[in-house]
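Work through these exercises with the model open beside you. Try each task before you read its solution.

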Amino acid sequence: MGLVAGAPVFVHGAPGLWGAVGGRRLGIGGRAGGALGGLCGGGVGDALLARWSGGRVVVSGAGFVLGGPVCAALLLVDELQLFVPLLFATFFLYTWYNGPLSAVILDVVPPAVRASVIGAYVLFSHLAGDAIAPPLIGYLSDHFGLRPAMLLLPSAGAVGGLLILIALTTVGRDMQRVRA
């Protein structure tokens, strides 16, 4: 969410991203990448799950790990012709996790508490992404500049992806435990 909140200011302030034209392309590329990423992530996660219990976990973690370098490249370019494809790819990869990660949670949590666990997951992910990231990026931007502040996002995404991938060590057993 820090990327969504900071990107319009970033586009309008970067010399080669052309203000309003960049903003319009930001909206189109971000929405298209995000929508397709969410749909593709779910489909790929389900396809991999059919072959391996860690399939959905891999898709969720890989989106963030692969998205980190792409997002860093996005934040380092000043040319609109490079910015738009990198923006699409960043949003595509950073939304892969939505469906698969929610499904993993449902796969490993007993039915009696699924609604509560999903509610807590949505609450805490929005607190971190929607409530903390934008003011943090703003604060860091005031002290270090917008680009350096936003470059924190790819690192956070990559670390988050690696943390998700740790679930590969137990997801198969956890799914079996819930089925039993």
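Contact here means heavy atoms within 4.5 Å. This is a predicted model, where local features need pLDDT of at least 70, side-chain atom pairs count only at pLDDT 80 or more, and totals for chains, interfaces and linings use all residues. Residues are numbered from 1 along each chain as its sequence is written, and side-chain values use heavy atoms, with hydrogens and water left out.

**Exercise 1. Find what Asp174 touches, leaving out residues up to four places away in sequence.**

Step 1. Locate the residue: Asp174 sits in helix H9. Helices (H or I, at least four residues) and strands (E, at least two) are DSSP runs, numbered from the N terminus.
Step 2. List the contacts: Asp174 touches Asp107 and Val108.
Step 3. Check a distance: the C-alpha atoms of Asp174 and Val109 are 8.1 Å apart, with their positions 65 residues apart along the chain.
Step 4. Classify the exposure. Buried means under 20% relative accessible area, exposed over 50%, and partly exposed in between (1.4 Å probe, protein chains only). Asp174 has 22%, so Asp174 is partly exposed.

**Exercise 2. Describe the surroundings of Arg56.**

Step 1. Place the residue: Arg56 belongs to helix H3.
Step 2. Judge its exposure: Arg56 is buried, because its relative accessibility is 13%.
Step 3. Look for a polar partner. A polar contact is a pair of N or O atoms within 3.5 Å; within protein, one must be able to donate a hydrogen and the other to accept it, and residues adjacent in sequence count only if both atoms are side-chain atoms. The side chains of Arg56 and Asp46 make such a contact, at 2.8 Å.
Step 4. Name its neighbours, again without residues up to four places away: Arg56 touches several residues, including Leu49, Pro100 and Asp107.

**Exercise 3. How many aromatic pairs does the whole structure hold?**

Step 1. Set the rule. Rings of Phe, Tyr and Trp (its six-membered ring) pair if their centres lie within 6.5 Å; planes under 30 degrees apart count as stacked, over 60 as edge-to-face and the rest as tilted.
Step 2. Count: the search finds four aromatic pairs.
Step 3. Take Phe64 and Tyr97. Their ring centres are 4.8 Å apart and their planes stand at 35°, so this pair is tilted.
Step 4. Place both partners. Phe64 is in helix H3 (residues 55-76) and Tyr97 in the loop between helix H4 (80-94) and helix H5 (98-108), so the pair ties together parts 33 residues apart in sequence.
Step 5. Now take Phe92 and Trp96: this pair is edge-to-face, with 5.9 Å from centre to centre and 70° between the planes.
Step 6. Check Trp96: it is buried, because its relative accessible area is 15%.
Step 7. Look for a cluster: ring pairs link Phe64, Tyr94 and Tyr97.

**Exercise 4. Which residues have the most contacts inside the largest nonpolar core?**

Step 1. Define the core: a set of buried Ala, Val, Leu, Ile, Met, Phe, Trp, Tyr and Cys residues joined through side-chain atoms within 4.5 Å.
Step 2. Read off the answer. The largest core has 20 residues, and those with the most contacts inside it are Val57, Val108, Ile137, Met150, Ile164 and Val171.
Step 3. Find the contributors: elements giving two or more residues include H3, H5 and helix H6 (114-144).
Step 4. Look beyond it: another core, of 13 residues, lies apart, and Leu74 and Trp96 are among its members.

**Exercise 5. Count the helices and strands.**

Solution. The protein has nine helices and zero strands. Of its 180 residues, 40% count as buried.
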